[in-house]
Each structure stands twice: as structure tokens, then as C-alpha cells.
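Colleague: Before I use this model, could you take me through its pocket, its aromatic pairs and a few single residues?

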Amino acid sequence: MPKTLEKTRKAIAKKKGAIDSLHLYSRDSKRLHRAQVRDEKLEKIAASRKKTDKPYIERATFFQEALRQNDGKPLQMDVIQELIKTFVQQHDEELIELKKARRPGRPSSTKEDLLKVKIDKLQKEYQNGFLLPVLDTEENATLLSRFEGSWSYLTILKWARISSAGNVQSSSFPPRGEH
């Protein structure tokens, strides 16, 4: 991904010849070290960014699949509410399986704890307003059906927050404070 190290190595090789002839504290070895550290830092940031983007991409993919099952036509509010409930409860079976696999009297596993936190977070978000692409307009349904999995495409879509009580509030993407 980052190419700073390759560019620096090529520039030094062009100037000096073989890179093997550098001594430890030379300017060029320090340049190589800085370039390597910079590349590692950029890779770390990219990995972190990808990790935070993943839940929203999975969410958009889930609702895109629901639209495809409806032949790309907009959905009614009651169908959308059912889809949200399905999405929120998607980890329940896995949590039940983990609880059954655990011996009585043993503490819960890390995976089980993480699933509980994830489920609680989704349920709380559903109570306050679940963020999802607008599925009841023809224009947004068409745009969502063309979604290919990239983060940048999600900003084109219109987003809304739908609470468990049925309140719909338009929203922006990415959500503030979480990204």
C-alpha cells in the first residue's frame, strides 16, 4: 500500500549504487528508517480505519441484499422495521450456542462478552434510532442496489435513523462522533 520505502530505496540506489554499502548512522540509512516507520504508521492507520468502517459496510450490504430480494423496489416501513429487528438479532443464535458450550460455573469467554456488547449496542441504537440507508425511495433503492462494497460510495446514499417506535429522522453519513 504505502510506497515511501520503495521510492526512498530507489532514490538512494540511484545515487549511491548498492544499498548494502550504507553504514548504520549514515544519512541514507536514517532516510530509509524514517520511510519504513512512515509506511508502517500509514498501514496501521489504514487497518484501523478499515476496522471502524466494516460495520457500516456490512450494514449496507445486509440491506442491499434485502432490496435485491424485493427486486430492487422500495420497501414499506413495516418491512424495514422487520429487517432492522433481523439485523439487530443476527448474533443471538451464536450467543446462545456459546452459552450452551460453556460448562456450568465457568466465566463467560471473551468472544461471548464481545457478542453481548455488540448485541447491546445494536439494541440501544435501535431504541434511539437505527442508522440505515433510506429504503423507501426509488432513487435511493437504485443507488443502494449498485453498491459494490466501497466506503466512499456510502456517502452518496441518503441515510435515516429509524427508532423502534417508528420515528424516522434523516441523518448524515458518516455519523458524527463515531467516525
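The exchange below goes through these topics in turn.

Modeller: This is a predicted model, in which local features need pLDDT of at least 70 and side-chain atom pairs count only at pLDDT 80 or more, while totals for chains, interfaces and linings use all residues. Residues are numbered from 1 along each chain as its sequence is written, and side-chain values use heavy atoms, with hydrogens and water left out.

Colleague: How much space lies in the largest pocket?

Modeller: On a 1 Å grid over the protein atoms alone, a pocket is an open set of points where a 1.4 Å probe fits, with protein on both sides within 12 Å along at least five of seven lines, and lining residues have an atom within 4 Å of a point. Grid points are joined across faces, edges and corners, and a volume is the space filled by probe spheres set on the points. For the largest pocket, that space is about 720 Å³.

Colleague: Which residues of the lining lie nearest the centre of the largest pocket?

Modeller: α2 (27–69) and α5 (110–128) each supply at least two residues of the lining, where helices are DSSP runs (H or I, at least four residues) and strands likewise (E, at least two), numbered from the N terminus. By class, the lining has six nonpolar, three polar and 10 charged residues, with Ala, Val, Leu, Ile, Met, Phe, Trp, Tyr, Cys and Pro counted as nonpolar, Asp, Glu, Lys and Arg as charged, and the others, Gly among them, as polar. Of the 19 lining residues, those nearest the centre are P55, R59, K118, K121 and L122.

Colleague: How many aromatic pairs does a search of the whole structure find?

Modeller: Rings of Phe, Tyr and Trp (its six-membered ring) pair if their centres lie within 6.5 Å, and planes under 30 degrees apart count as stacked, over 60 as edge-to-face and the rest as tilted. With that criterion, the number of aromatic pairs found is 10.

Colleague: F62 and F63 form one such pair; which of the two counts as buried?

Modeller: The F62 and F63 rings are edge-to-face, at 5.2 Å centre to centre and 90° between the planes. Buried means under 20% relative accessible area, exposed over 50%, and partly exposed in between (1.4 Å probe, protein chains only). F62, at 22%, is therefore partly exposed, whereas the residue at 0%, and so buried, is F63.

Colleague: How many residues apart are F63 and F130, which also form a pair?

Modeller: F63 and F130 are edge-to-face as well, with 6.3 Å centre to centre and 65° between the planes, and both residues are buried. F63 belongs to helix α2 and F130 to strand β1 (residues 130–133), so that the pair links distant parts of the chain, with a separation in residues of 67.

Colleague: Which residue lies over the face of F130?

Modeller: A charge sits over a ring if NZ of Lys or CZ of Arg is within 6 Å of the ring centre and within 35 degrees of the ring normal. Over F130, at 4.2 Å from the ring centre, lies R59.

Colleague: Is L75 buried or exposed?

Modeller: L75 lies in the loop between α2 and α3 (77–88). Leaving aside its neighbours within four places in sequence, L75 is in contact (heavy atoms within 4.5 Å) with L67, N70, I80, L83, L135 and D136. Because its relative accessible area is 7%, L75 counts as buried.
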